[in-house]
Amino acid sequence: MISKSLRIGGMLIGYYRLCPRKAWWSLRGIAMEQESDAVALGRLLDESSYARSDKHLEIEAEAPDGTPLVGKIDRANLKHGVLHETKKGRSCEDAHRWQLRFYLWLLYRNGVTRADGVPFSGQLDYPLLRRTEAVFLEAEHYLELEKNVAAISSLAIQEIPPPVLTQRSFCAKCSFEELCFG
Amino acid sequence: MKRPYYLFSSGRLKRQHNTLALEKTSGERLPDDSPEDEGVPSSLPDGGRTQFPIESVDSLFLFGEIDINSKLITFLGQQGVPAFFFDYYGNYSATLYPRENLLSGRLRIQQAHHYLSPKRRLTLAKAFVEAALFNIERVIKYYQPRLEGDAQQETQATLQALVRDRGALPLTTDIFTLMAVEGRIRDRYYKLWPHFLGKEVASKFPMNKRERRPPSNELNALISFGNSLCYSTVVRQIYRTALDPTIAFLHEPGDRRFSLSLDIAEIFKPLLVDRAIFRLLKTGEINSKHFEKHLGGCYLSDAGRKIFVQHWDERLSKTVHHRALDKKVSYERLIRLECYKLIRHLSDPAGNTYQGLHMWW
Ligand code: SF4
């Protein structure tokens, strides 16, 4: 029923890999109020850090099982074939990597490559830390992403939320902490 | 940090670029409902002005006679700032509730489902009453050791009745009975107030029984005013979550009120309202000169409201240590957490059964 209208995006993949419960809340349309200045900062970074480039591209694709996928890409350098994703801090860097790999996967599934046929690569930008990290889509990632998409599709029709993480320390930096434990 | 603003002056509240400005008027506020009223401001601008940045405003509590226009309404809506209006007598009269941005369709369906299913509704309604009674018990137990003689005995008897009724809640089969149980205990609890307040204060402020419309004496005036504050404070917390404020479980969803706020407020009244009243009367911060009589009712004066509101605001920011979150949370934040607990219950009633806040400190 809801899965019909479900479109899986990069953020959701990142959430799912961090914590399925987090993805479930998000699938339910439950968002936490953004009270801290962090959000304003995020917006500011988004607007000011990189003035010249192609920003906010949207790509769509289908997973092998037919699930619609969508990616909203921060910024792309089409000439060099690099997708960029800007983040504030590295606290969820693994989720960030997977978000970017997901976008690369979308390009792959659309058959998009650089003009010379080389696949796109990704770069995580941490302007506040003055750091960048290159991210590549390897063969083993395809299958992993496919599995994640399938898992999220079934999560979307699951009536009750998955349990909280056993590793409570993880939750301390999650915006849903008060919703899960308050 | 955003915070609520409590405005007591009358005047025109307007948007001025990215700030709010109150252009004050001088002179007495007149009752809102006189038949010959033309709907124009009761007094003229006096040139006084206060201005504050919108980013600092969480919500507005407007106790004066306030003129607004649609530009302001749009602005407050964009900024997600709810505004609460109070009438001439200090009664809550209306909320300007900005469009919801956090609503979740699925959660709303769950909420309606829990209202429509008598069993599910009763479960939640019981939880609200149970927690309300528990917190009343906490207040009584706090004062009981200081009492002697008849006062001690009467208190003991009320406590016993309360514990018995609270224990019998699981057997209750309908909302009406639940409401009746709560009302009965509250009446007995109010009868103890003179003991809690002590002879001297109690002789000035008798408590016979709860009378609302209009409040019949000073204590009733204080309870009414405190309950209005509590109601609007809860509304403003619900607004920050995905809950639909109109779908309630203990109270019947009403057309012109946010009934869910009434449900949640039951739990917090003993902690926030009742204890505020004891404190303000016992210290003498509020005394006889802070009350006025109008049309057979008794109301807090403007000066009295200011004192109450200031204490209220301080009380909301008091903190306690929260075990599960392992951090200090303010009383006000506890209201938000109550909303989150409800969302958990609505999402997973068997795995995350709601229990209302039990004061643990
Ligand atoms: S608080 Fe923990 S359990 Fe809850 S969504 Fe976040 S990571 Fe998952």
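What share of the 182 residues in chain A is buried? In this predicted model, buried residues make up 42% of chain A. Let's take a walk through the structure and see where some of them are.

Start with the outline of chain A, which has 7 helices and 6 strands. Reading along the sequence, you meet these elements in the pattern β-α-α-α-β-β-β-α-β-β-α-α-α.

Our next stop is helix H4 of chain A, which runs over residues 93-109. How far apart should the ends of this helix be? At 1.5 Å a residue, its 17 residues should span 24 Å, and its end C-alpha atoms are indeed 24 Å apart, so the two values agree. H4(A) is mostly covered, since 12 of its 17 residues are buried. Among them you can find A:Trp98, A:Phe102, A:Tyr103 and A:Trp105, together with A:His96 and A:Arg101. After the helix comes A:Gly111, which has a positive phi near 70°.

Now move along to helix H5 of chain A, residues 139-156. The same kind of check works here: at 1.5 Å a residue, 18 residues should span 26 Å, and the end C-alpha atoms lie 27 Å apart, which agrees. Which residues of H5(A) are buried? They are A:His141, A:Leu145, A:Asn148, A:Val149, A:Ile152, A:Ser153, A:Leu155 and A:Ala156. These residues cover an arc of only 155° around the axis, which means that they sit on the same side of H5(A). The spacing of such residues has a simple background: an α-helix has 3.6 residues a turn, so residues three or four places apart point the same way. On the face of H5(A) turned away from the buried side, you will find the exposed residues A:Ala139, A:Glu140, A:Leu143 and A:Lys147.

Next, look for the ligand. The space that the ligand takes is the largest cavity. Which helix gives the most to the shell around the ligand? That is H7(A), with 3 residues. Helix H2 (20-27) and helix H7 (177-181) of chain A each supply at least two residues of this shell. The residues surrounding the ligand include A:Cys19, A:Cys171, A:Cys174 and A:Cys180, as well as A:Phe176 and A:Phe181. Also in the group are A:Arg21, A:Lys22 and A:Glu177. Sorted by character, the shell has 8 nonpolar residues, no polar ones and 3 charged ones.

Two loops deserve a visit as well. In chain A, A:Arg130 sits in the loop between strand E5 (121-126) and strand E6 (131-135). Its phi is near 55°, a positive value in a residue other than glycine. Is A:Arg130 buried or exposed? A:Arg130 has a relative accessible area of 78%, and because the cut-off for exposed is over 50%, A:Arg130 counts as exposed. Over in chain B, B:His17 lies in the loop between strand E2 (11-16) and strand E3 (19-25). B:His17 is not a glycine, yet it has a positive phi of about 50°. With a relative accessible area of 69%, B:His17 is exposed.

Our last stop is B:Val163, in helix H4 (residues 149-168) of chain B. At 41% relative accessibility, B:Val163 counts as partly exposed. How far apart are B:Val163 and B:Leu133 in sequence and in space? They are 30 residues apart in sequence and 8.4 Å apart in space, C-alpha to C-alpha.

Note on methods: Residues are numbered from 1 along each chain as its sequence is written. Chains are lettered from A and ligands numbered from 1 in the order in which they are written. This is a predicted model: local features need pLDDT of at least 70, side-chain atom pairs count only at pLDDT 80 or more; totals for chains, interfaces and linings use all residues. Side-chain values use heavy atoms; hydrogens and water are left out. A residue is near a molecule or strand if one of its heavy atoms lies within 4 Å of it. On a 1 Å grid over the protein atoms alone, a cavity is a set of points where a 1.4 Å probe fits but cannot get out, and a pocket is an open set with protein on both sides within 12 Å along at least five of seven lines; lining residues have an atom within 4 Å of a point. A molecule sits in a cavity or pocket if more than half of its atoms lie within 2 Å of its grid points. Helices (H or I, at least four residues) and strands (E, at least two) are DSSP runs, numbered from the N terminus. Ala, Val, Leu, Ile, Met, Phe, Trp, Tyr, Cys and Pro count as nonpolar, Asp, Glu, Lys and Arg as charged, and the others, Gly among them, as polar. The expected span of a helix is 1.5 Å times one less than its number of residues. Buried means under 20% relative accessible area, exposed over 50%, partly exposed in between (1.4 Å probe, protein chains only). The arc is that of the directions from the helix axis to the C-beta atoms.
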